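Colleague: I would love a close look at one part of this model, the place where two neighbouring helices pack together. Could you walk me through that part and then set it in its surroundings?

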Amino acid sequence: MGFGSKDEWCGSIVKYSMFLSNFIIFIGGIVLVAISVYTLYDKSFIKELLGTNLFTGAVYILIVAGILLSLLSFLGCAGAVKEVKCMLLTYFIILFIIFIVMLVGGILCYVFRQRVQTTMQQEMLRTISYIVVESRATMTGGSTGLAESFPAAVVKRSTERNNRAI
């Protein structure tokens, strides 16, 4: 009638929906890079928030991930709009590789979850002990017996509750 066949109309919807979704992902990748670069620039914020510089490596990983995400979504956008088969094939191959890497990462996280939990508990105990020592140094009077036993009790109860849930 003037609108073309159903196949053309459906292809057009798929084409523009793929473009729109990849464009949103492209913007997200740029935002991820911007936030990561800011976090890297303001290292004191991360150190103050987490109490350690060990997570700086994660910021570098986020920068690389944001750049790769932006490049991948650009391939998807350009491939969808221009309908270039080579770009679309590259896009889907990289997407498949990312899916496999994420699957392996999820399996590794599940396998090493106990080690991560133990490491986090040790770090929490160390940090809480440091806070107790600092607060004891600034206290002018009163009993510190409660302050010494409270952090360990909180961590132990939390650990027991989490272990029952698993």
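Modeller: Happily; here is a walk through the helix contact, followed by the aromatic pairs and the chain as a whole. Please keep in mind that this is a predicted model.

Let us begin with the packing itself. Two packed helices are described by the angle between their axes and the distance between the axes. Here the partners are helix H3, residues 56–82, and helix H4, residues 85–111, whose axes come within 8 Å and cross at roughly 145°. The crossing of H3 past H4 is left-handed. On the H3 side, the contact is built from Leu72, Leu75, Gly76, Ala78, Gly79 and Ala80. H4 contributes Met87, Leu88, Thr90, Tyr91, Ile94, Leu95 and Ile98. Sorted by character, the residues of this contact comprise 10 nonpolar and 3 polar ones, with no charged residue.

Tyr91, one of the H4 residues in that contact, leads us on to the aromatic rings. Searching the whole structure gives 2 aromatic pairs. One of them joins Phe19 and Phe23: the ring centres are 6.1 Å apart and the planes stand at 20°, under the 30 degrees that counts as stacked, so this pair is stacked. Both residues sit in helix H1 (residues 6–41), and because they are 4 residues apart there, about one helical turn separates them. Phe19 has 30% relative accessibility and counts as partly exposed; Phe23, at 40%, is also partly exposed. Tyr91 pairs with Phe92, with ring centres 5.1 Å apart and planes at 70°, so this pair is edge-to-face. Tyr91 is buried, at 9% relative accessibility, whereas Phe92 is partly exposed at 46%.

Now for the surroundings. An unreviewed UniProt entry places the feature "transmembrane region" at residues 20–41, 53–76 and 88–112. In the model, residues 20–41 are 100% helix and 0% strand, with 32 Å between the end C-alpha atoms. Residues 88–112 are 96% helix and 0% strand, and their end C-alpha atoms lie 36 Å apart.

Stepping back to the full protein chain, there are 6 helices and 0 strands, giving the order α-α-α-α-α-α from the N terminus on. Of its 166 residues, 16% count as buried, and Tyr91 is itself a buried residue. Finally, among contacts in the chain with a separation of 6 or more, 61% are between residues 24 or more positions apart.

Methods. Residues numbered from 1 in each chain as written. Predicted model: local features only at pLDDT ≥ 70, side-chain atom pairs only at ≥ 80, totals over all residues. Heavy atoms only, no water. Axes fitted to C-alpha atoms, helices over the stretch in contact; angles between N-to-C directions. Helix = DSSP H or I, 4+ residues; strand = E, 2+ residues; numbered from the N terminus. Left-handed = near helix turned anticlockwise from the far one by under 90°. Contact = heavy atoms within 4.5 Å. Nonpolar A, V, L, I, M, F, W, Y, C, P; charged D, E, K, R; others polar. Phe/Tyr/Trp six-rings, centres within 6.5 Å; stacked < 30°, edge-to-face > 60°. Buried < 20%, exposed > 50% of the residue type's maximum accessible area, 1.4 Å probe, protein only. UniProt positions renumbered as here; feature names shortened; annotations may be inferred.
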